[in-house]
Amino acid sequence: MPRKSKKNRGKNDVTSRKEQMIRSLDLPEEVMLDLPIVNAFGNKKIEIYNFKGLIEYSLEKIRINTSIGVLIVEGSKLEIKIMTTEDLHIIGIITQISYLI
Amino acid sequence: MLISIWNYLRGYVMIEVSGFSVERFLNLVAHRDIYIWDIERQGNKLSMKISIEGYKMLKPCARKTGCKVRIKDKRGLPFIKHKYRKRKMIPIGMVIFIALIYMISSFVWLIEIEGNKKIDSQEIVDRLDQDGYKIGGLKKKMDLREAEQMLMRDFPDVLWTGISFEGTKLIVKITEVVPEPKLIDYNSPTDIVANSDALILDIVTRKGTPMVRKGDTVRKGDILVSGEIPLADEWDEESKVSYTRSSADILAKTHYTVETQIPLKKNVKKYTGAIKKKYSIRIIDKEIKLHNSKIDFRNYDYTIKSRQLQATSKFPLPFYIVLKEYIEYIPKSQIISDELAQDTLRVMLHDLLAEETHINAEIIKQEVKFNKKGGIMGGRLQAIVKEELGEEKSIIINDGRNKVNDNEQSEH
């Protein structure tokens with residue numbers, strides 16, 4: 001267990017160093033770090049760019065795999081409007097957006 | 001909205017996917033750049049929409065993930081095309097329809113004339129008709145500039161005209177000449193002449209030489225006030241004459257006789273209230289009756305109402321709905337009593353008198369006589385009227401005299 005945590009810390013150190021470099025060079029963070037972008041239009045619509053894949057889809061819950069962990073969208077009558085490799089548009093009545101890291 | 005129209009034109013398939021891991025299926029499909037949209041969960045199945053090309057690439061994805069794909073619906077233009085591929089008359093019919101509309105809209109179906117007050121619209125339409133600018137004429141063959149020239153040439157009262165097409169309408173805009181005001185030349189000499197036989201009651205002369213006095217009787221055409229003014233000259237034997245535009249107020253008593261007559265028997269139409277309506281359709285000049293019932297009225301009046309059909313207000317079509325209304329009546333002869341006839345005659349006679357006399361005329365004395373003769377009542381009104389007398393008449397001067405006049409003018 002302690003080994004594992006050490007490894008984890010090491011990984012975190014690397015990302016933070018990378019982050020620091022990107023910040024100092026004034027580069028667009030989300031592109032360089034491969035972060036997911038979530039646009040929310042009130043509680044009616046969510047647009048997610050830069051995701052890795054769909055894990056679960058039901059009318060109440062959608063789980064999406066991203067580079068930083070699992071993105072969970074909860075609500076009711078959820079519907080995937082568009083799905084391509086880059087973007088995922090969800091419509092419905094959204095109550096919660098959360099990350100499971 | 002626009003995207004859905006695009007999708008409809010391209011055609012799409014509504015599919016139902018069921019299986020153990022539909023999410024994996026979706027990931028795979030997205031990964032292969034197959035466009036899918038409107039994904040909705042229905043129980044343990046997913047329904048979604050996919051383009052026709054995408055559907056063809058779907059089989060390996062389904063096999064790999066162990067999902068079952070079922071087509072629910074095919075939508076869009078390509079499928080409709082496919083369904084009607086053997087019915088060749090549909091595209092032909094569409095082409096014919098478009099050609100027909102194009103043909104119909106290349107003719108003139110209504111002529112509108114705007115801006116005319118004095119000139120009768122029908123006259124203009126008739127003139128245009130003569131040169132081929134008529135309803136049913138081909139628009140291409142009409143040279144509007146020439147028609148404008150033609151109207152300006154043939155109607156002297158038309159100052160300007162602009163003819164243009166508006167859809168299937170031919171619009172003629174007209175500006176009429178404003179009538180030139182009648183110039184009164186106060187320098188040209190005139191006499192005042194009696195316009196009827198009269199007895200002069202009063203005369204006030206402002207300009208000119210009075211030729212009559214109060215109490216004189218004059219005949220029609222007599223000079224009442226002369227424009228000649230003799231210039232008395234003590235030293236010169238030869239008297240000079242000056243000419244002026246005479247002006248005077250003359251009040252005179254004149255005598256009028258007017259006559260008229262009316263028949264005592266009168267034909268009256270007594271409408272029974274029975275009306276029959278007949279509709280028909282008119283295409284250019286040909287009339288098609290919609291129903292063939294006979295009119296069994298012995299005597300009837302009829303009215304025609306026609307309405308032109310229009311595609312839009314700018315595209316009138318050569319079709320008319322015509323409504324003919326037949327109204328039945330029974331002819332009846334009515335005999336008017338002598339009293340009623342005399343009353344109407346009296347009114348008629350006074351109207352006639354008012355037409356002949358001066359506006360400010362005052363009737364001093366009047367006498368009406370009636371005589372009945374063979375079903376006709378005749379009336380005769382004799383009246384003595386006090387009114388203004390005299391009309392201006394220009395003096396024609398020969399050259400010698402005119403010179404004197406000119407000299408006289410220049411001295412002023």
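Two strands count as paired here if DSSP finds at least two bridges between them. Helices (H or I, at least four residues) and strands (E, at least two) are DSSP runs, numbered from the N terminus.

Okay, some housekeeping. What we have is a predicted model, where local features need pLDDT of at least 70, side-chain atom pairs count only at pLDDT 80 or more, and totals for chains, interfaces and linings use all residues. Residues are numbered from 1 along each chain as its sequence is written, chains are lettered from A and ligands numbered from 1 in the order in which they are written, and side-chain values use heavy atoms, with hydrogens and water left out.

So, on to the sheets in chain B. There's an open one of 5 strands, in the order β11-β9-β15-β21-β20, and the pairing is antiparallel. At its edges sit β11 (217–218) and β20 (362–373), each pairing on one side only. Inside that sheet, take β15 (residues 247–263) and β21 (residues 376–388) of chain B: 13 bridges hold this antiparallel pair together. If you want a spot to click on, B:Thr257 is opposite B:Gln382 in β21(B).

Chain B also has an open sheet of 4 strands, again antiparallel, running β10-β12-β8-β22. Here the edge strands, pairing on one side only, are β10 (209–210) and β22 (391–394). β10(B) is joined to β12 (residues 223–226) of chain B by 2 bridges, antiparallel, and B:Pro210 has B:Val225 in β12(B) as its bridge partner.

Next, β7(B). This strand covers residues 169–176, and 6 of its 8 residues are buried, meaning under 20% relative accessible area (exposed is over 50%, partly exposed is in between; 1.4 Å probe, protein chains only). What does β7(B) pair with? With β5 (residues 110–114) of chain B in the parallel sense, over 5 bridges, and with β6 (residues 158–166) of chain B in the antiparallel sense, over 8 bridges. On the β5 side, B:Ile113 is matched with B:Val172; on the β6 side, B:Gly162 faces B:Lys173. The β6(B)–β7(B) hairpin has 2 residues between its strands, and B:Gly167 there takes a positive phi near 65 degrees.

Now over to chain A and a tyrosine. A:Tyr57 lies in β3 (residues 53–57) of chain A. Is A:Tyr57 buried or exposed? Buried, because its relative accessible area is 1%. Leaving out residues up to four places away in sequence, A:Tyr57 touches residues of both chains, including A:Ile62, A:Leu78, B:Glu23 and B:Leu46; contact means heavy atoms within 4.5 Å. A:Glu79 is also touched, and although 22 residues separate the pair along the chain, their C-alpha atoms are 8.9 Å apart. Across to chain B, the A:Tyr57 side chain reaches the backbone oxygen of B:Ile39 at 3.2 Å.

Last stop, the surface of chain B. A nonpolar patch there has about 1,100 Å² of accessible area together, and among its members are B:Trp6, B:Tyr84 and B:Met94. Patch residues have over 30% relative accessible area and no salt bridge, with like charges joined within 9 Å and nonpolar side chains (Val, Leu, Ile, Met, Phe, Trp, Tyr) within 5 Å. A salt bridge is a Lys or Arg side-chain nitrogen within 4 Å of an Asp or Glu carboxyl oxygen. α1 (2–10), α5 (77–83) and α6 (89–104) of chain B each supply at least two residues, and α1(B) gives the largest share, 5 residues. B:Ile80, in α5 of chain B, counts as partly exposed because its relative accessibility is 35%.

Conventions: Areas by Shrake-Rupley, 256 points an atom, 1.4 Å probe, with all protein chains shown as cover. Polar contact = N/O pair within 3.5 Å; in protein donor to acceptor, adjacent residues only side chain to side chain.
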